[in-house]
Amino acid sequence: MIEDLILAKYNYWIYVTLMMIGFYAVIAKNNLVKKVIGLNIFSTAIFLFYISIGDVIGGTEPIYIHGEDVVYVNPIPHVLILTGIVVSVSITAVALALIIKIYEEFGTIEEDQILELQS
Amino acid sequence: MIFDNAPALVVIFPLIAAVAVPFIGYYNKRLIPYFVTLITFCSLIFSISNLRTVMQTGSISYTMGGWEPPFGIEYAIDYLNGFVSIVVIFIIFIVSIYAKKSVEQELPGRTINFYTVFLLLTAGLQGLIVTGDLFNIYVFLEISSIAAYALISVGKSRDALMASMNYLIIGTVSASFILLGIGYLYMVTGTLNMADLADRLPLAFDERPKVVLAAFAFFLVGFSIKVGLFPLHTWMPDAYSLAPSAVSAMLASTFTKVAAYVMIRVMFTIFKPDFIISTVHAHTILAWLAAIAIIAGSVLAIAQTDFKRMLAYSSVSQIGYIILGVALMNQIAMTGGIIHIMNHGIMKAALFMVAGAIIYKTGIRNINDFKGLGKTMPYTSAAFTLVALSMIGIPPTVGFVSKWYLALGAIEAGMWVFVGVIMLSSLLNIVYFWRVFENMYFYRAEGGKVDEVPLSMLLPILILAALTFLLGVLALYPLKEIMAPMVQIILPG
């Protein structure tokens, strides 16, 4: 029972746990940089999920071996996630650039202090 | 022929042009606005040619690099996205004319950056519309979102930075949800092509219903954030009211509409209407959320004194109309919902342009300071009046057409309460637009000399205002020709 639910699917548990950690940081943290870190954990968890669904038990790396009958892992989720990583990096870059501007304008990156300054 | 490649060119043209802008700017900065207008105009031509091909020979399936679908990336165009593509690129074209003067004043010395990101946003939105591949939707969604974050953050007030930051965080979470939904669907079907997914999904649902349901939930939440459906609309008022004028006009009128289109696409082409009605009952939830959005958006709009902020809240309520039309699950309401994508796009673009024009000339944002504008800016005020009447839904404007279809659809669905909601919201619309009329026309201000915005800003406003009237008349016949097969595709009835 427990083996089926937890051990056999440990990769999914890891991804869900990581995702929730990231989500918690996005919602609860006051510091904008920590929020961005949370976003990164959040999206990385999804990348791990994608990578684990590409796996095939007993599969080898997807490089064509001539004349042999072998099982390959599915490379498509991995390729998709390469794109996903690029997107995530761009988002982080934009977010960090924004945070720098926010620090220049407000003098702080704590969200509650910024809200006080805004009104 | 170049038009054979039009499905790809609508995306590639603005994308390459975005890269070309810095080079042209290095040569001569003054050329950029004209170049951008030219590019968007070419895109418009390609979009029209696409819809023409669809009307003559049926749906287009354009494959990339010779890889046949479902293996390669496919651009699939039918009546629905052919139409949305024209609407979106037309509004962007109009905005690009308007943007020249507006950007010169609001973002001096940053024309190159602005127009590069502007074209990236255009490419992202067009890509979202024409693509037939689910993962492509995620990528284009992020391209256009990143461009949108950047464009919002350059607003005049420093609060724009925080508006952009909040939008970035909530937008990235929503895109991540969509990415997860795509992953779940890929897990059970092994394909990313939308048409292929639609074929395989019933079988996958029989085998693993929970995964498909989870995917649907992720899509619903993810797209609801991007569309700005009521409880998830919080990013919208700040983002729209603090962005530069041209950006507000563009984002408010195109981005949420494109998100709504993608939501329709995913809900109705991939998950079929039957699945929504009998398995998840999402339409009931959506319809009620939309009703709440319509009322709440209007009420919140009444409470605002900042003109742009009022328009942003009015957007919240107008999004409600689109979603309501989608969620009533019959052809008439769907016609209303889709036609409202176009109508609201045109009206909101015009209204935000008026707001921008007033800020350009006088710097006033507060509605209570609008006194005497009817005298000093007669054409802008007249255009505003026409568009506001259309927002309220006076026949024969476009606003009336969509409300008419929505009300008929609600009656057909037997949901009379939504007819009441539409009526009530029209009344609320009158309340918040009346304050503006009153201040514009019924008070005398000192001075009172005619002082209009430059022609390149006035003309786009007047064109859109005229369109709200013209399209309302045309909706009787020419639009029906396109609307009928379009609705038939998504909701066979």
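This briefing walks through the contact between two chains, the nonpolar core, some buried threonines, the salt bridges and two backbone oddities. The model is predicted, so please read each point below with that in mind. Chain A and chain B bury about 2900 Å² between them, and the count of salt bridges across that contact is zero. Over all chains, a search of the whole structure does find six salt bridges. The largest nonpolar core has 228 residues.

**Where chain A meets chain B**

- The contact draws 36 residues from chain A and 28 residues from chain B.
- Carbon and sulfur atoms give 81% of the area of about 2900 Å² that is buried between the two chains.
- On the chain A side, the residues that lose the most area to chain B are Tyr50(A), Ile91(A) and Leu98(A), which together make up 18% of what that side buries.
- Polar contact is found too, in five residue pairs between chain A and chain B, with both residues at pLDDT 80 or more.
- Four helices of chain A give two or more residues each to the side that touches chain B: H2 (10-28), H3 (32-53), H4 (76-106) and H5 (111-118).
- H4(A) gives the most to this side, with 16 residues.
- Sorted by class, the chain A side holds 27 nonpolar, five polar and four charged residues.

**The nonpolar core**

- Within the largest nonpolar core, Phe307(B) and Phe433(B) are the residues with the most contacts.
- Setting aside residues up to four places away in sequence, Phe307(B) touches Leu351(B), Val354(B), Ala355(B), Ile358(B), Arg365(B), Ile367(B), Phe370(B), Phe384(B) and Val436(B).
- Arg365(B), one of the residues that Phe307(B) touches, returns below as a salt-bridge partner of Asp306(B).

**Two buried threonines**

- Thr172(B) sits in helix H6 (residues 159-189) of chain B, and its relative accessibility of 7% makes it buried.
- The side chain of Thr172(B) reaches back to the backbone oxygen of Leu168(B), at 2.6 Å.
- Beyond its neighbours within four places in sequence, Thr172(B) is in contact with Leu39(A) and Ile91(A) from chain A, and with Tyr149(B) and Tyr167(B) from chain B.
- Ile91(A), one of those contacts of Thr172(B), is also among the chain A residues that lose the most area to chain B.
- Thr380(B) belongs to helix H16 of chain B and is buried, with a relative accessible area of 1%.
- Outside its neighbours within four places in sequence, Thr380(B) is in contact with Val354(B), Ala357(B), Glu452(B), Val453(B), Leu458(B) and Ile461(B).
- Val354(B) appears in both lists, since Phe307(B) touches it and Thr380(B) is in contact with it.

**Salt bridges within the chains**

- Lys35(A) and Glu111(A) meet through their side chains in a salt bridge, at 3.4 Å from N to O.
- Lys35(A) lies in helix H3 of chain A and Glu111(A) in helix H5 of chain A, so this pair ties together parts that are 76 residues apart in sequence.
- Both Lys35(A) and Glu111(A) are buried.
- Lys100(B) and Glu104(B) form another salt bridge, at 3.7 Å from N to O.
- This pair stays inside helix H3 (residues 79-106) of chain B, four residues apart, about one turn of the helix.
- Lys100(B) counts as buried at 18% relative accessibility, whereas Glu104(B) counts as partly exposed at 44%.
- Asp306(B) pairs with Arg365(B) in a salt bridge whose closest N and O atoms are 3.1 Å apart.
- Here distant parts of the chain are linked, 59 residues apart: Asp306(B) is in the loop between H12 (282-302) and H13 of chain B, and Arg365(B) is in the loop between H14 and H15 (373-376) of chain B.
- Arg365(B) is partly exposed, with a relative accessible area of 27%.

**Backbone features to look at**

- Most residues other than glycine have a negative phi, and most peptide bonds are trans.
- Met329(B), which is not a glycine, has a positive phi of about 60 degrees.
- Met329(B) is found in the loop between helix H13 (307-327) and helix H14 (331-362) of chain B, and it is buried at a relative accessible area of 13%.
- The peptide bond from Pro395(B) to Pro396(B) is cis, with omega near 0 degrees.
- Pro396(B) lies in the loop that runs between helix H16 (378-392) and helix H17 (398-412) of chain B.

How values were computed:
Residues are numbered from 1 along each chain as its sequence is written. Chains are lettered from A and ligands numbered from 1 in the order in which they are written. This is a predicted model: local features need pLDDT of at least 70, side-chain atom pairs count only at pLDDT 80 or more; totals for chains, interfaces and linings use all residues. Side-chain values use heavy atoms; hydrogens and water are left out. Buried means under 20% relative accessible area, exposed over 50%, partly exposed in between (1.4 Å probe, protein chains only). Contact means heavy atoms within 4.5 Å. Buried area is the accessible area (1.4 Å probe) that two parts lose on being put together, summed over both. A salt bridge is a side-chain nitrogen of Lys or Arg within 4 Å of a carboxyl oxygen of Asp or Glu. A polar contact is a pair of N or O atoms within 3.5 Å; within protein, one must be able to donate a hydrogen and the other to accept it, and residues adjacent in sequence count only if both atoms are side-chain atoms. Ala, Val, Leu, Ile, Met, Phe, Trp, Tyr, Cys and Pro count as nonpolar, Asp, Glu, Lys and Arg as charged, and the others, Gly among them, as polar. A nonpolar core is a set of buried Ala, Val, Leu, Ile, Met, Phe, Trp, Tyr and Cys residues joined through side-chain atoms within 4.5 Å.
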